[in-house]
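Q: Please take a close look at a single helix of this protein, and set it in the context of the whole chain. Which residues does the helix bury, and how are they arranged about its axis?

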Amino acid sequence: DEILAAYRLLAPRLDKTWTVTTPGSGPVVPLIDVYDALTLLPGAAREYPLAEFARDVHLLDRQPEARTKDGRRFTLPNSTGSKGGKRLTVADEQGGERVYVGLALHMEA
């Protein structure tokens, strides 16, 4: 629920035409920006470290059919930003590396 709230706060800044009722895919919000929004309050980053957020993103990725209460599906698209510093890297269960860059919501038309 918190990730969804952060997305709803940040997405309109990236696409002024996007609203919570817009069908299709919403804008890709950098995951680091989502984390920053979640940890704005003093001490919040200490209580919810970036590594824990990255783990939560990985768990979300492992549930591709996970949906919000109103039926939207989370997607974790990669972009050219995956080569820069704004990315999350997680070791998966097989010892491989997973890189996460952005988060988008998708609503069926």
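A: For the charge count, Lys and Arg are taken as positive and Asp and Glu as negative, while His and the chain ends are left out. On that basis the protein, which is a predicted model, carries 14 positive and 15 negative side chains. The centres of the two sets lie 4 Å apart.

The helix in question is α2, residues 31-38. Its buried residues are Leu31, Ile32, Val34 and Tyr35, where buried means under 20% relative accessible area. Viewed down the axis of α2, these buried residues fall within an arc of 155°, so they line one face of the helix. The general background is that an α-helix has 3.6 residues a turn, so residues three or four places apart point the same way.

Now the surroundings of this helix. The protein has 4 helices and 6 strands, and from the N terminus on these run α-β-β-α-α-α-β-β-β-β. The radius of gyration is 14 Å, close to the 13 Å that the globule rule gives for 109 residues, so the protein is as compact as a globular protein of that length. Along the principal axes, its C-alpha trace spans about 40 × 35 × 30 Å.

Burial over the whole protein comes to 35% of the 109 residues. The exposed surface is about 6,700 Å², of which carbon and sulfur atoms supply 54%. As for contacts between residues at least 6 apart in sequence, 60% join residues at least 24 apart.

Terms used:
Residues numbered from 1 in each chain as written. Predicted model: local features only at pLDDT ≥ 70, side-chain atom pairs only at ≥ 80, totals over all residues. Heavy atoms only, no water. Helix = DSSP H or I, 4+ residues; strand = E, 2+ residues; numbered from the N terminus. Rg over C-alpha atoms; globule rule 2.2 N^0.38 Å. Buried < 20%, exposed > 50% of the residue type's maximum accessible area, 1.4 Å probe, protein only. Contact = heavy atoms within 4.5 Å. Areas by Shrake-Rupley, 256 points an atom, 1.4 Å probe, with all protein chains shown as cover. Charge placed at Lys NZ, Arg CZ, Asp CG, Glu CD. Arc of directions from axis to C-beta.
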